[in-house]
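Colleague: Pick a single part of this model and take me through it closely. I'd also like to hear about whatever sits around it.

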Amino acid sequence: MSAVGASEGSPLLAVRNLTKLFGSFAACNGIDLDIKSGEIHALLGENGAGKSTLVKMLFGVLAPTSGQILWKGEAVRIASPGAARRIGIGMVFQHFSLFEALTVAENIALSLSPGISLSKVAEEASRLSHLYGLPLDPNAHVADLSVGERQRIEIVRALLQNPELIILDEPTSVLTPQEADRLFETLAKLKSEGRSVLYISHRLEEVQRICDRATVLRHGKVTGACDPRKETPASLARMMVGSDVASVSAAGTNTKGDVLLEARHLTVPSRTPFAVALKNVCLKVRSGEVLAIAGVAGNGQGELFDALSGEYPVVDPTAVSIRGKAAGNLGITARRLMGAGFVPEERHGHAAVTTLPLSDNLVLARSQSDRKTFLAGGLLGIIRQAVVRIASKRISETMDVRKSGENPAAGSLSGGNLQKYIVGRELDRQPAVLIVNQPTWGVDAGAASRIRQALVDLAKSGSAVLVISQDLDEIFEVATEIAVISEGRLSDSYPAHDLTREKIGLLMGGMYGKTEGEVAHAH
Amino acid sequence: MGIVEAILLTVITAATPLVLASIGELVTERSGVLNLGVEGMMVMGAAIAFAATQITGSPYIGILAGIAGGALFSLLFGFLTLTLVANQVATGLALTILGLGISGQIGEPYVGMSGTKLQPIVIPLLSDIPFLGPLLFKQDIIFYVSIALVIGVNWFLFKSRAGLKIRAIGDNHGSAHALGIHVIRTRYLAVMFGGACAGLAGAQLSLVYTPQWVENMSAGRGWIALALVVFASWRPWRVLAGGYLFGAVSISQLHAQAFGIGIPSQFLSALPYIATVVVLILISHNRRMTQINTPACLGKPFVPDR
């Protein structure tokens, strides 16, 4: 692929006074942005700051309300993603826009101009993927691939268009540290070819490491443009959040309480062809502990959560015990009644019914565990709306949930605020055992720190907390103990202060069998 | 012609409308649209094809009219569910009820009239093959078209770019939209293809199977076609196999009843359904392949955010 010539003078992409209104709400308000040829430009901001809206306008998914986009100094109207690709903009989405039922080559072919045969696409894709160090098997079905591999497809798909600007939306949130390092090498290669990268992230350390310039958004406006290497993480965070982000004070490690949650030789066969089987998982969480389970997405985290929460009970009752009582064969409600609380991974549709108001979502989760409080009329189970609303209000206030109106539909809240609510919904009960899967996935820095502090505080008050997370920053912030899950097996748990990122990275990838990323999936 | 040949000929006649309606619905569903109105579109095709044949005297014009009728009728479904984003299940059911009603009106003047049976097209040389020749190469045009459609749809879905787009839309319409694929437009075309195939299936009923018009003459075949698509895990060859299996068992049970075997007739009548379900479940036991082939967006409405 030929190097892209750097244009002199005018920036590659310039955005002038770009505004997007949804009704009267300005998601982007008078944004200015310059991206030069051959630079890696960071776009920083909390959730809801307008990053995605801005990027969608640049990629032709949304139409701007007013303002200008200049490409190499000329005003352009980007009416569709196709138009964006034609002028030379490629995009790697955060939530991958891949088709699970199709093969890698078919996925790539879909984004190319017509007239190229599938076999040629497969050939070109493997050539590019090797050139940029992104190994891929063109005939594998996407459904069988890891998240890291899926991201490679997205990147190769963008590269096949020979773009001059590549937009990456939160690319490392799903990668191991080693996979992230590989991605950074790929980005460096792209930069050396004169291409530009717009890098969206909330990981300040990464931005400082690889980006040449940064533009910070808050509430739809640009609040700063800087050289991230000349800033400190604290100063960048200030620009993003508008105030200092409270740092989480960790739970004490000296308390050795009773074992409140235990899994003994938990083995679960895979439920669907795409699921991971759990193999002989053993873990113990004591009162006052936060056990964090690290691992790359798709290594059995969801399955472990399902087995521990009782969403899918297991046959052996003693495989899971809560507060010393066997619970393996019990369902989720029975386990809640034993004093456990659960926060599943997906906010929308799993932890909350998006179309229902917050108060109804509260009742749905706790109608059995708080039956006396929330329901009246014995078997009739009439909802005491007034009581529920007060509880809902208490949760919102404790967790600082920002919402429009008193009791809006769950789906109308931003991701971070809904997550605070559903975590708060469990914390409000003061559960003896709390199991949380990906507590701050896709949540902004302010909300994430609030949630992490709440988890730590719960452990300090004597509960056992189990956190499943892919975010190592988060794990080191909250955990007293750390274990790593890989291909359905759980490592021993280690005290958090004995582990380093590198060690965890090795446990994630290489503990059992092949090294992650060394070989493309051999399906 | 031996008795076996005669039975096999009736099997082909019974299976062809099922194969046609199923292959059309398969394309519709692959694009992510669940049209439960197959029965209605089929019976509309039957009435229109019969009426047009009576008026013009040409069954070929009748066939074309049946196809056009089915496609136009499905356009109504498309408009309601794709443009107005009405619920697909409810709209599909309504389409069936409406189709049964309107077709009764259209066919009213023709009740009791004897129709024009579509004549077979004899393919030279091939039709001289013993046994198979008269079965497969002395058939009416609708049979040939049904086989060609299965082959064509299989090629189209899995080898052509347009077919890839249809599968992509059915799998994830949001991503397809983000890639610049016209989701709504493609779905309109897929819905109309389904309607045209159902219309052709109807034309076969009133021009080949029983060349006359009887109210509700589709007699539940549209529903069977719908079930075949699901049990065939959205794969064209399995639709063909399922359609013929169903046809074969329903004809054999008729003969069994005629012979007066000591099995309750109700059980025999249920046999085709049981046999088809069992066999198709057996061939789709590979859950991974079923999961890959099931359109993930089936029945979900699509509204682009703009």
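Modeller: Here's one helix up close, followed by its chain and the neighbouring chain.

Some ground rules: this is a predicted model, where local features need pLDDT of at least 70 and side-chain atom pairs count only at pLDDT 80 or more, while totals for chains, interfaces and linings use all residues. Residues are numbered from 1 along each chain as its sequence is written, and chains are lettered from A and ligands numbered from 1 in the order in which they are written.

My pick is helix α7 of chain B, residues 161–171. Helices here are DSSP runs of H or I with at least four residues, strands are runs of E with at least two, and both are numbered from the N terminus. Eight of the 11 residues of α7(B) are buried, so the rest of the structure largely encloses this helix. (Buried means 20 or more other C-beta atoms within 10 Å of a residue's own, exposed 12 or fewer, partly exposed in between, with C-beta atoms placed from the backbone.) The buried set runs B:Leu164, B:Lys165, B:Ile166, B:Arg167, B:Ala168, B:Ile169, B:Gly170 and B:Asp171.

What covers them? From chain B, the cover includes α1 (3–30), α6 (141–159), α8 (173–178) and α9 (183–209). Chain A joins in too, with its α3.

That α3(A) turns up again where the chains meet. There, 21 residues of chain A are in contact with 17 residues of chain B, a contact being two C-beta atoms, placed from the backbone, within 7 Å. On the chain A side, α2 (81–87) and α3 (104–110) each supply at least two residues, and α3(A) gives the most, with three. That side of chain A divides into 13 nonpolar, six polar and two charged residues. (Ala, Val, Leu, Ile, Met, Phe, Trp, Tyr, Cys and Pro count as nonpolar, Asp, Glu, Lys and Arg as charged, and the others, Gly among them, as polar.)

Stepping back to chain B, there are 13 helices and two strands. Its radius of gyration is 19 Å, close to the 19 Å from the globule rule for 306 residues, so chain B is as compact as a globular protein of that length. (The radius is taken over C-alpha atoms, and the rule is 2.2 Å times the number of residues to the power 0.38.) Along the principal axes, the C-alpha atoms of chain B fill a box of roughly 65 × 45 × 45 Å. Burial isn't confined to α7(B): 49% of the 306 residues in chain B are buried. Finally, of the contacts in chain B between residues at least 6 apart in sequence, 80% join residues at least 24 apart.
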